[in-house]
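Got your viewer open and a selection box ready? Load the file below and we'll walk through it stop by stop.

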Amino acid sequence: MRIKVAYCILTSCTGCKISFLDMHEKILDVLEKIDIVYSQMIQDHREVPECDLIFVEGSISTDEDYKEALELRKKAKYLVAVGACACFGGIPAMRNFYSTDEILDSTYSQKKGRYTGPNELLPKVKSLSSVIDVDFEIPGCPPLPENFIEVIDNYPNFDNIKLPTKTLCVECDLKKEKLLSPIREFTSLKINDPYEVDDTDMCFLERGVLCMGIATRSGCGGRCVGMQVPCRGCFGPPPQEGSEDQGAGMISAVASILPTGRLIAKEDILGLVYRYSLSMITNLQIKRTNEGGNKDE
Amino acid sequence: MKEEIKMNNIITIEPVSRLEGKARITFERDNQGEISRAEFSVLEFRAFEKFLEGRMAREMPRITPRICGICPVSHHLVSAKATDMLARTVIPVRAALHRELMHMAQFIHSHTLHVYFLALPDFIDSFKAESNDFRLLLKTDPDMLKKVIRLRKFAQYVIEVTGGKAIHPMSAIPGGISKPMSEEQRSELIKEAKELVPITKEILYKVWDLLDAVPDKLKQYETLETHSMAMISKNNTIALYDGEVVIIDKNGKRKAGYRGASYQKYVEERTMEWSWTKFPYFRKDEGEESSILQVGPLARQKIYDSIPTAIAGEMLDKFREQFGRYTVENYATHYARVLEIMYSLERTVEILEDDNLMNNDYKIKNKITKASGVGLLEAPRGTLIHHFESNEDGRITNSNILVATTFNNPAINLALFKVAKAQMAGGKEIDNETLRYIESSVRIFDPCLTCSSHSFNNFTIKVINHRGETIEHVQERSKDLRAT
């Protein structure tokens, strides 16, 4: 029996879907195991049927997203949240810095409350996982194509999938010295712009450049740091209990190793540490007062 | 997820299939049963311009790719170009070549995805199938499908090598690129690229023949007489990475050209309450009527004189013999897209063989302060503009993002209306076949809806309600952007 699979997209960039297609020739093997019953981007089916497995990409940004999420939960035996937006809000959640009125007024340049749009923007963008129960999460912006294959191969025993859980620093090949030794000094006496420092094989934090790796879940293979570009946290916080707040994790780590005074005035600290996970702190209440999103209710 | 719900005289199609992003089509019939209104509603909006404010300007190339997962490279590079200007740097040749290479690979990936996975299924099977999708190719031509997959795999790999990641790359930074490719990577890529040239030629001509063989009835996408806008090189050849943006009328007469912030002189926009995506128009002088613009492969073809590479050049001759340069047939867009795949691959080989790719500097150290920068680029779907302003601290104070699909939005709505009016005349019900006609009239633009719902809030704005009446007229210009 082939697994009946649907791929659904909420408010998102469809990058995760492209990552799915980036299995390239392996997709032909995967198609032997699964039967894609719904995928708006590559097929014409207009209704999601009851199915075994639904991949859902994207954040909950409009009233339609919210309704669709609840409906998908009912239709799926197993539901997997795909990508940064579904798992922890992702970049679209950066609009949570503002109210919807501010956003609509600036974008559609009209008198207050006048422009309504084709659907209703929710006051705050939420992650899929904070609205419904999900059976498994594959993080990343975007996740790796292999992650999809693992989910399909291990269906329905997702516990067998061992995604990395430590911080990106374990995957990063850049050299760390001061970070690993018990010293009381700062790793750098100055905080630098990433593009004003020399290329070396030293850790970015030791070069005085803000790198989110220290507060970010591993699993991406360290591709950004490998390209001499600091991490920006797209795999979200590590999954351990208590480290949900990626931004706080980053700030507390950096405070002890860099002279952070300058950050307050010069750096866009919130836009850096919460770039992918702002919805996790702006929606802290939601998980607790979640009305009716649970599968078991 | 409702299929064609009929309510009185309103017909709704949702979701619109085989395109990037979420949309709903709504038709209204008059009492005689004729289509009187057609709306193509874009259903998502993410407020990028708003939350880019206050972010560090140097981070733009890292944030804006998330506008679109299909063409992240375009947003990445155009942001990098705008931030180069903010950093007051002219990037080294080596960096420019790396970026252009990444861009060519993106054209191959994005166009291939559209042609073979989204559009082609309409042309290889009858309209009876429940879903026309790429799996049909498994039955009709598995060999071609394997070659297509190999080509896309190569393109995504080139982006990975030059950009760090195939989706949402990060190597283009203000002042150049963060890390150049190694000699081993280069020779690996050259080998595969050269092998792919004849294979690609073969599969592209196959599509050409398939497109030719389509019954005339299907080709009757309504003709559209619009202005066209695209980038062009100094020698009037095809330019996708750098050049002047030119606007021509339907007969090919040049109406305007710009390189930087003066794009603001030529475009005005309207807002419709039923779509998050706005409606931009070419603005003529005071008092004259504004016209619809089209961007993308067909618009580019009308604007460039020639293509400098061998096989794509040959394809262009064939195209112009078949349709004429200033064709009003929208169906020709498919062919124009096909020949761009060939050009991009041939250009990939050229760049890989250029020794400037491997020598000298690839970045200039910099720090962004108060400045204004405009990036222009031809994305796969058409002209793309990012316009940023930064303050002393290097933070963004104002941003403007103009996306290809947004430029095409009025033309998409017009095409949809014309096709629906013809296909559903005399109260004809929507059946599977009609639905495919209607959807393929939209699909031919390869609309990328995740990209499209963006503001550019510095123009004359007319708000029009669903009856087409103007309900508000705002003349609003940003003081800062205007000054540039």
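The tour goes from an open pocket to closed cavities, then to some cysteines and a helix.

Before you click anything, keep in mind that this is a predicted model.

**Stop 1: the largest pocket.** Select B:Lys81, B:Tyr241, B:Asp242, B:Gly243 and B:Arg259, the residues that lie nearest the centre of the largest pocket. You're looking at a volume of about 780 Å³, with a lining of 31 residues. By class, that lining splits into 15 nonpolar, 7 polar and 9 charged residues. Now colour helices H3 (72–86), H4 (93–119) and H13 (332–353) of chain B, plus strand S13 (371–379) of that chain: each supplies at least two lining residues. H4(B) gives the largest share, 4 residues.

**Stop 2: the largest cavity.** The whole structure holds 11 cavities of 30 Å³ or more. For the largest of them, about 180 Å³, pick A:Cys224, A:Cys231, A:Arg232, A:Cys234 and B:Lys165, which are the closest to its centre among 18 lining residues. Helix H7 (residues 223–226) of chain A provides the largest share of this lining, 3 residues. The classes here are 8 nonpolar, 3 polar and 7 charged.

**Stop 3: the second largest cavity.** This one has about 130 Å³ of space. Select A:Ser12, A:Cys13, A:Cys85, A:Cys141 and B:His168, the closest to the centre out of 19 lining residues. Show helices H1 (15–21) and H4 (83–88) of chain A as well, since each supplies at least two residues of the lining; H4(A) has the largest share, with 3. The lining is made up of 9 nonpolar, 7 polar and 3 charged residues.

**Stop 4: the cysteines.** How many disulfides does a search of the whole structure find? The count is 0 over all chains. Stay on A:Cys141: the nearest cysteine sulfur, in A:Cys234, is 5.5 Å away. A:Cys141 is buried, at 9% relative accessible area. Then jump to B:Cys71 and draw a distance to the sulfur of B:Cys68: the gap is 3.3 Å, so the pair is too far apart for a bond. B:Cys71 is buried too, at 3%.

**Stop 5: helix H12 of chain B.** Select residues 310–323: 14 residues reaching 20 Å from first C-alpha to last, close to the 20 Å expected. Its buried residues include B:Ile311, B:Met315, B:Leu316, B:Phe319 and B:Arg320. To see what covers them, switch on H8 (183–213), H11 (297–303) and H13 of chain B, which are among the covering elements. Finish just past the helix on B:Gly324, where phi is positive, near 85°.

Technical notes
Residues are numbered from 1 along each chain as its sequence is written. Chains are lettered from A and ligands numbered from 1 in the order in which they are written. This is a predicted model: local features need pLDDT of at least 70, side-chain atom pairs count only at pLDDT 80 or more; totals for chains, interfaces and linings use all residues. Side-chain values use heavy atoms; hydrogens and water are left out. On a 1 Å grid over the protein atoms alone, a cavity is a set of points where a 1.4 Å probe fits but cannot get out, and a pocket is an open set with protein on both sides within 12 Å along at least five of seven lines; lining residues have an atom within 4 Å of a point. Grid points are joined across faces, edges and corners, and a volume is the space filled by probe spheres set on the points. Ala, Val, Leu, Ile, Met, Phe, Trp, Tyr, Cys and Pro count as nonpolar, Asp, Glu, Lys and Arg as charged, and the others, Gly among them, as polar. A disulfide is a pair of cysteine sulfur atoms within 2.5 Å. Buried means under 20% relative accessible area, exposed over 50%, partly exposed in between (1.4 Å probe, protein chains only). The expected span of a helix is 1.5 Å times one less than its number of residues. Contact means heavy atoms within 4.5 Å.
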